[in-house]
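Please look over the sequence and the model below. The paragraphs that follow go from the whole chain to its sheets, its cores and one side-chain contact.

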Amino acid sequence: KGIYLTLLAGPVIPVPVPQVALDALQSVEITVSSELGAQSAFKLDFSLSNDSPLHTIFLLAGGGIVPFIRVILVATISGIPEVLIDGVVTNQSVTPGGAGSRFSTLSISGVDLSALMDLVELDGLPYPAMPIEARVAFILAKYVAFGIVPLPIPPLFFDIPNPLDRIPIHQGTDFKYLTNLAEQVGYVFYLNPGPAPGTSIAYFGPQIKVGVPQSALNINMDAQTNCDDLRFAFHTEKATLPVLFIQDPTTKIPIPIPIPAINPLQPPLGLIPPIPKTIEFLNDTANLDPMEALALGVATASRSQDAVTADGSIDVIRYGGILHARRLVGVRGAGPAFDGLYYVESVTHHLKRGEY
């Protein structure tokens with residue numbers, strides 16, 4: 001019964017922290033977002049005396065003794081462990097206490113292991129005759145030592161560049177290049193921690209809005225209510241009709257092609273799909289390969305169909321589990337207009353003693 005938090009830290013392979021660190025831990029904040037290019041972030045606040053050894057333990061990364069400090073947070077609910085974050089420390093700060101206080105606040109913040117992919121720029125590295133999924137697997141292979149398992153999904157519209165016509169080259173860091181590749185084909189790229197501590201899944205593929213939903217969020221249902229607060233919004237102007245341009249190789253005339261919001265992996269979740277009121281011209285698609293332009297248009301159309309949004313907060317004990325981002329969740333008790341399935345775009349975890 002209850003919630004148990006496990007904290008592991010250390011270089012490369014983290015180990016359980018000393019008891020003095022757990023006793024000093026005051027609060028934990030973790031943010032996970034499905035937005036392309038967003039990195040999961042965490043923040044740990046410790047209350048410690050001025051002569052505590054924690055000043056030395058967590059400030060090693062800033063002193064040059066080790067290149068980075070890795071942090072893993074695991075929440076165990078009803079005997080089931082869930083890896084909340086697996087990342088590296090990027091910033092440490094100490095806030096002294098008030099007048100006459102012997103205690104300070106040590107704040108440790110960082111992002112997931114994608115920070116290791118955003119350190120060195122490898123501009124100009126060629127990838128001759130390599131499709132996108134092969135480039136992704138080749139890039140992620142060097143991070144296997146950190147427990148990162150690549151999971152690249154081939155694009156819906158397959159394309160192998162002819163080395164006689166063009167050779168793709170690496171631009172920027174590994175994380176920026178992978179993010180740009182995902183944007184080109186309408187995919188997403190992120191690191192999902194777990195399922196075992198010390199491992200992560202590097203997912204490169206379509207944003208999937210199908211599958212088994214999580215436990216429903218109940219509001220206005222008396223004893224079955226498990227959601228503290230839930231607010232809804234309907235964006236009537238969000239729906240757009242993207243129009244891409246494909247250049248005819250003979251006449252060099254751009255051909256406009258409207259793309260409807262039809263995607264088997266991202267079906268409309270609302271009871272009534274919004275009607276597009278504006279037209280969005282994708283002007284940069286004429287210089288792309290026709291298959292790449294079509295994939296980008298399908299991704300743009302699917303993003304514009306989510307007109308109903310909701311945000312709120314839940315108590316994990318009453319809810320009975322952890323609400324995960326990048327998955328479906330049901331909503332009940334809000335009325336016919338807002339009941340149904342939602343795609344969880346972002347989740348922020350707030351943990352304190354006796355509170356989640």
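How many of the 356 residues of the protein, in percent, count as buried? The share is 44%. The coordinates come from a predicted model, and the mean pLDDT of the protein is 83, with 82% of the residues at 70 or more. Confidence is not even along the chain: helix α3 (residues 60-63) has the lowest mean, 51, while strand β19 (residues 346-352) has the highest, 95. The secondary structure consists of 7 helices and 19 strands. Of the contacts between residues at least 6 apart in sequence, 69% link residues that are at least 24 apart.

The nonpolar interior comes next. The largest nonpolar core has 39 residues, and the members that touch the most others are Ile30, Leu44, Phe46, Val71 and Tyr356. Ile30 shows which parts of the chain meet here: beyond its neighbours within four places in sequence, Ile30 contacts Ala41, Phe42, Leu73, Leu84, Ile85, Val347, Thr348 and His349. A separate core of 27 residues lies apart from this one, and its members include Ala115, Tyr127, Val136 and Tyr177.

Val71, one of the residues named for the largest core, also has a place in a strand pairing. Val71 has Gly87 as its bridge partner in β6. Strands β5 (residues 70-77) and β6 (residues 80-95) are antiparallel and share 8 bridges. Together β5 and β6 make a hairpin with 2 residues between the strands, and Ser78 in the turn has a positive phi of about 55°. β6 is also joined to strand β7 (residues 103-112), again in the antiparallel sense, by 8 bridges. In that pairing Val88 faces Val111 of β7. As a general point for reading such strands, side chains in a regular strand alternate between the two faces of the sheet.

Now to a sheet with helices packed on it. Strands β8, β10 and β9 form an open, mixed sheet of 3 strands in the order β8-β10-β9. β8 (148-152) and β9 (188-193) are the edges and have a single partner strand each, so one side of each has no neighbour in the sheet. On average, neighbouring strands of this sheet are turned by 15° against each other, with direction ignored. β9 and strand β10 (residues 200-205) run antiparallel and are joined by 6 bridges. One of the paired positions is Asn192, whose bridge partner in β10 is Ile201.

Helix α4 (residues 132-140) packs on this sheet and touches β8, β9 and β10, with its direction at about 175° to that of β8. Helix α5 (residues 174-184) packs on the sheet as well, touching β9 and β10, and its direction makes about 125° with that of β9. Which residues of α5 are buried? They are Asp174, Phe175, Tyr177, Leu178, Thr179, Leu181 and Ala182. These buried residues of α5 pack against α4, β9 and β10. Tyr177 is also among the members of the 27-residue core. After α5 comes Gly186, with a positive phi near 75°.

A further sheet has the strand order β11-β17-β18; it is open, has 3 strands and is mixed in its pairing. Its edge strands, β11 (214-218) and β18 (340-343), each pair on one side only. Neighbouring strands in this sheet are turned by 35° against each other on average, direction ignored. β11 and strand β17 (residues 328-332) are parallel and joined by 3 bridges. Within that pairing, Gln214 has Val329 of β17 as its bridge partner.

The last stop is a single residue, Asp228, in strand β12 (residues 227-234). Is Asp228 buried or partly exposed? Asp228 counts as partly exposed because its relative accessibility is 43%, which falls between the limits of 20% and 50%. Neighbours within four places in sequence aside, Asp228 contacts Ser313, Ile314, Asp315 and Arg318. The C-alpha atoms of Asp228 and Asp315 are 7.0 Å apart, although 87 residues separate the two along the chain. With Arg318 the link is a polar contact between the two side chains, at 2.4 Å.

Notes:
Residues numbered from 1 in each chain as written. Predicted model: local features only at pLDDT ≥ 70, side-chain atom pairs only at ≥ 80, totals over all residues. Heavy atoms only, no water. Core = buried A, V, L, I, M, F, W, Y, C linked by side-chain atoms within 4.5 Å. Buried < 20%, exposed > 50% of the residue type's maximum accessible area, 1.4 Å probe, protein only. Contact = heavy atoms within 4.5 Å. pLDDT = per-residue confidence, 0-100. Helix = DSSP H or I, 4+ residues; strand = E, 2+ residues; numbered from the N terminus. Pairing = 2+ DSSP bridges. Axes fitted to C-alpha atoms, helices over the stretch in contact; angles between N-to-C directions. Polar contact = N/O pair within 3.5 Å; in protein donor to acceptor, adjacent residues only side chain to side chain.
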